[in-house]
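Trainee: I am new to this structure and would like a close look at a single part of it. Please take the place where its two domains meet.

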Amino acid sequence: MSAPVPRLVFTDLDGSLLDHQSYSFAPATPLLAELAAACIPVVPVTSKTRVEIEALRQQLDNTHPFIVENGAAVFIPQGYFEQAPHGTEEVDGYWVKAMSGPRQRWLDLLDKLRPQFEGEFENFYRAGPAGIAAMTGLSPEGAVLANQREYSEPVQWRGADDRKAAFVQALTLQGAHALQGGRFLTIAGDCDKGRALDWLRTEYRRAWQASAVMDIAVGDSGNDVAMLDAAGSALLVRSPVHDFPELKRDSGVMRSAGYGPEGWVEGVGQWLAAEDPHKHFKG
Ligand SMILES: [Mg+2]
């Protein structure tokens, strides 16, 4: 009998593993323990910053790599693999693969565009923690963590829609990419959760000396689409506030009945139980 194909779980946090309202992952605790016992890494892939995820990883008891700021960088605990993957640099005990330029590049660009779009946008850095708390509803402490960004900058558009198109075009001409999320436009380099997943999966395959891995991506929103399209199997978690996002693929996709962590358990549980999950999930 051949060795089983190693597996990987890539998961969005807010609205997927974490409840949209309460941020609880309690319903997923038994399945997370089962995945840990089976040595299946659960890799957080999120719009959050490194410091925000670090706090959560402790609660989740998760020691695996993670992907921050919508795919802008992959953080691998130093020593996690036998060797540092190519193209990474050592930062604070991690091997970091940056997929975007640094935040400062986007802050400089926004400063340059400000006279042209005076009063039409606000960004996290300029708003500061108090302004961020007002824009997001985060607690003062949460706003401080959300502001500790390394690769991207959220912008709140306050002007007219046609002006927003001109703003996005101006950013694009200067080499930036603007990703529209629920409330903010996030300015970063040309990166997404899908390309970050792809890079990290290759590193796992290399480290495991595996010709293939079976992976699942779990997400609930538009910023998850690239990773949901990139993984072997995709689990769309039902959201209480918006429809399922559209994927390019139509096979290997599951849509949960439950919301948030309940939906997460439903889909990941089925994927774990399936012998060949790539065949198991029908579009
Ligand atoms: Mg989400």
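How many residues of domain 1 are in contact with domain 2, and how many residues of domain 2 are on the other side?

Mentor: Note at the start that this is a predicted model. The contact involves 14 residues of domain 1 and 10 residues of domain 2. Between them, the two domains bury about 950 Å², and carbon and sulfur atoms account for 55% of that area. On the domain 1 side, 45% of the area buried against domain 2 comes from Val51, Glu52 and Glu69, and no other three residues supply more.

To place this in the chain, domain 1 is made of two stretches, 7-99 and 192-280, while domain 2 covers 103-188. Taken over C-alpha atoms, the centres of domain 1 and domain 2 are 26 Å apart.

Next come the polar links. There is one salt bridge between domain 1 and domain 2. Arginine 50 forms a salt bridge with glutamate 150, and the closest N and O atoms of this pair are 2.7 Å apart. Across the interface, five residue pairs are in polar contact, counting pairs with both residues at pLDDT 80 or more.

As for the elements on the domain 1 side, those giving two or more residues to the surface that touches domain 2 are α2 (50-60), β4 (73-77) and β6 (94-98). Of these, α2 gives the most, with three residues. By residue type, the domain 1 side that touches domain 2 has seven nonpolar, four polar and three charged residues.

How values were computed: Residues are numbered from 1 along each chain as its sequence is written. This is a predicted model: local features need pLDDT of at least 70, side-chain atom pairs count only at pLDDT 80 or more; totals for chains, interfaces and linings use all residues. Side-chain values use heavy atoms; hydrogens and water are left out. Domain bounds come from an automatic or database domain assignment. Contact means heavy atoms within 4.5 Å. Buried area is the accessible area (1.4 Å probe) that two parts lose on being put together, summed over both. A salt bridge is a side-chain nitrogen of Lys or Arg within 4 Å of a carboxyl oxygen of Asp or Glu. A polar contact is a pair of N or O atoms within 3.5 Å; within protein, one must be able to donate a hydrogen and the other to accept it, and residues adjacent in sequence count only if both atoms are side-chain atoms. Helices (H or I, at least four residues) and strands (E, at least two) are DSSP runs, numbered from the N terminus. Ala, Val, Leu, Ile, Met, Phe, Trp, Tyr, Cys and Pro count as nonpolar, Asp, Glu, Lys and Arg as charged, and the others, Gly among them, as polar.
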